[in-house]
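Reader: I would like to go through this structure by question and answer. Please keep it brisk.

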Amino acid sequence: MLKVDGDNLKVFALSSNEPLAQKVADELGVSLTNIGLQRFSDGEIAINIEESVRGVTAYLVQSTVDPVNDNFMELLIMIDALKRSAVKTINVVMPYFGYARQDRKARAREPITAKLVANLIVEAGAHRLTTIDLHAAQLQGFFNIPIDHLTTVNLLASYVNEKFGEKDIVIVSPDHSGVSRARDFAKDYGWPIAILNRKPRPNINTISEVIGDVAGKVAIVVDDIIDTGYRTISSADALIEAGAKEVMSCATHGVLSAHASQRISESVISRLILTDTIQLKEEDMSDKITVLTVAPMLAEAIEAIQNQHSIH
Ligand code: R5P
């Protein structure tokens, strides 16, 4: 059992992933704090905290997942409610930080949504953010509050080793930007890595070359996000064509929009391993999908924050 003083700490679940927030609270040995979440008839969000929170440290579990804008607005309104209820500190626990893919002006007249979202969270009154596998680690610099940036690499890699460690594995980055993630994933188990060389936009899912030896091996494609699934499926097709015996896919955040789950079920991918940073819809679950929980990792981070210990 983790050691936290339940009187000084409150865990709150908003709408995006209550089961995960409940698991985190269970790991910490506390109950979720009661809140009332309602809607005005025009759709505006109304929040009421149903017990005193004066002087406590608040941990607010919410990710920006579908419905992205509603969930984000809910978060901002809840931060405001906490601020006005005189809590001591507001810690946002955002297992999946959305709006992160627009993190620079890649073309003229584009927004930088990751910076905008970071500004709004801080401006609303958050004191600290705990998050998992940001789309790019340098997004931490968009916040001028402390950030705990956790990773699921060890969780996913040790699962792969436990279940499939006897196979001839190669870890694959689906593009150049994911190479360090693939390297981290492979390093403790001595697995080789391969990289998929993609044609530049607009043919983003067209692979021109497989760099590395995949023939006869079980290829594990490692990514941060699986959204529509096109990237991981196109990776799998290219790997099979290059001689891989089997292809599995691993990612931290299963966004799974636009019927991705069905597309993956019908693809050559034999197994998809995700975490519960995003709650999967029931209709998206299938025999191919395994979901590992990040709750112990988040609870340990909260314990370390509470007790002012280093997280790593
Ligand atoms: C891209 O930079 C990300 O790391 C993912 O590869 C991407 O978001 C996956 O998108 P999709 O599943 O829609 O192909």
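Reader: Which residues surround the ligand?

Author: This is a predicted model. Two residues of the shell are Arg 101 and His 135. The others run along one stretch: Asp 223, Asp 224, Ile 225, Ile 226, Asp 227, Thr 228, Gly 229, Tyr 230 and Arg 231.

Reader: How many residues of the shell around the ligand are nonpolar, polar and charged?

Author: Asp 223 and Arg 101 belong to the shell, and Asp and Arg count as charged. Ile 225 is in the shell too, and Ile counts as nonpolar. By class, the shell has three nonpolar, three polar and five charged residues.

Reader: Which element gives the most to the shell around the ligand?

Author: Two elements each supply at least two residues of the shell: strand S11 (218–226) and helix H6 (230–241). With four residues, the top contributor is S11.

Reader: What is the distance from an oxygen atom of the ligand to an N or O atom in the side chain of Asp 224?

Author: Take Arg 101 beforehand: a polar atom of its side chain lies 3.5 Å from a ligand oxygen. For His 135, a polar side-chain atom also lies 3.5 Å from an oxygen atom of the ligand. For Asp 224, the distance from the side-chain N or O atom to a ligand oxygen is 2.6 Å.

Reader: How much of the ligand's accessible area does the protein cover?

Author: On its own, the ligand has 380 Å² of accessible area. The ligand sits in the largest pocket. The share that the protein covers is 84%.

Reader: Is Ser 173 buried or exposed?

Author: Ser 173 lies in strand S8 (residues 169–173). Its relative accessibility is 0%. The cut-off for buried is under 20%, so Ser 173 counts as buried.

Reader: Which residue has its backbone nitrogen reached by the side chain of Ser 173?

Author: The Ser 173 side chain has a polar atom 3.4 Å from the backbone oxygen of Gly 178. The backbone nitrogen is another matter. At 3.4 Å, the side chain of Ser 173 reaches the one of Val 179.

Reader: Is Gln 138 buried or exposed?

Author: Gln 138 is in the loop between strand S6 (128–132) and strand S7 (147–150). Its relative accessible area is 59%. Exposed means over 50%, so Gln 138 is exposed.

Reader: How far apart in space are Gln 138 and Val 222?

Author: In sequence, Gln 138 and Val 222 are 84 residues apart. From C-alpha to C-alpha, their separation in space is 19 Å.

How values were computed. Residues numbered from 1 in each chain as written. Predicted model: local features only at pLDDT ≥ 70, side-chain atom pairs only at ≥ 80, totals over all residues. Heavy atoms only, no water. Near = heavy atom within 4 Å. Polar contact = N/O pair within 3.5 Å; in protein donor to acceptor, adjacent residues only side chain to side chain. Areas by Shrake-Rupley, 256 points an atom, 1.4 Å probe, with all protein chains shown as cover. 1 Å grid on protein atoms, 1.4 Å probe; cavity = no way out; pocket = protein on both sides within 12 Å on 5 of 7 lines; lining within 4 Å. Sits in = over half its atoms within 2 Å of the grid points. Buried < 20%, exposed > 50% of the residue type's maximum accessible area, 1.4 Å probe, protein only.
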